[in-house]
Amino acid sequence: MIAGNLIRRALAVGVMLATTAAMVVTMQHPAAASTLTLNATVDCLNVNYSGDTRDWYASYVSAGSAPPSYGVTMPYSSMVANPANHTWSFTISLPGGSTSVSVSAICSGGHQYDQVGWTNGPAISIPSSATTLTATWGCSTQQVYPGPYITGCSAQSYSYS
C-alpha cells in the first residue's frame with residue numbers, strides 16, 4: 001500500500017512537471033527589441049586656431065548609449081568628412097532597448113594636448129517607438145587652467161522616425 005501511494009504521488013508530480021514544461025514551451029515570448037539606427041554628425045564649433053586646419057575635424061569621435069551600456073570609438077574609415085562645414089558624419093546601430101545616446105570628441109588634438117572628450121550636455125533620450133535617430137552634436141574646446149584643453153559636446157538638433 002505504501003509503495004502504491006508513493007507511485008501515485010510520483011506520477012502526480014511527473015504529470016505536474018510535464019504540464020508545466022509544456023506551458024513554458026508553448027508560451028509566446030516577446031519579440032526581441034530591434035536595433036536603433038543612429039545617423040550622427042559631429043561639428044567642432046569653435047576650433048580654428050588662426051586657420052590651423054588640423055582641428056577642423058575631430059581627431060577622436062565616440063558614441064555611447066545606455067542601457068545596456070554600449071560605446072564605440074568611430075574609426076576614420078567609418079566616418080564621412082563633410083568639407084562644406086568641416087563635420088564628420090557616421091551611421092551606426094545601437095543595441096535594442098537603448099534609452100539614451102551621447103557623443104564625445106576631441107577637437108583640438110591636432111596641435112595641442114586635449115583630454116578625451118566628455119559630454120557637455122544631457123544625453124538624447126530615445127523613445128521606445130523610435131527606429132532611427134538623426135542628430136547633430138556641436139563640440140567646443142576650452143582650457144582647464146592650469147592644464148590641458150577639454151572638448152565638450154552637446155546635442156544641437158535631433159529627430160526621430
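Two strands count as paired if DSSP finds at least two bridges between them, and the strands themselves are DSSP runs (E, at least two residues) numbered from the N terminus. In this predicted model, local features need pLDDT of at least 70, side-chain atom pairs count only at pLDDT 80 or more, and totals for chains, interfaces and linings use all residues. Residues are numbered from 1 along each chain as its sequence is written, and side-chain values use heavy atoms, with hydrogens and water left out.

A good place to start is β2, which forms a hairpin with β3, with three residues between them. The two strands run antiparallel and are joined by four bridges; in β3, Val72 is the bridge partner of Ala63. With β6, β2 shares seven bridges, again antiparallel, and here Ala66 stands opposite Ser100. Five of the seven residues of β2 are buried (under 20% relative accessible area, 1.4 Å probe, protein chains only), so this strand is largely enclosed by the rest of the structure.

Stepping back, an open antiparallel sheet of four strands appears, in the order β3-β2-β6-β8. Its edge strands, β3 (70-73) and β8 (124-125), each pair on one side only. β6 and β8 are antiparallel and pair over two bridges, and Val101 stands opposite Ile124 in β8.

The largest nonpolar core (buried Ala, Val, Leu, Ile, Met, Phe, Trp, Tyr and Cys residues joined through side-chain atoms within 4.5 Å) has 26 residues. Its largest share, five residues, comes from β1. Leu38 is among the residues with the most contacts inside this core. Beyond its neighbours within four places in sequence, Leu38 is in contact (heavy atoms within 4.5 Å) with residues including Phe90, Val101, Leu133 and Trp137.

Technical notes: Buried means under 20% relative accessible area, exposed over 50%, partly exposed in between (1.4 Å probe, protein chains only).
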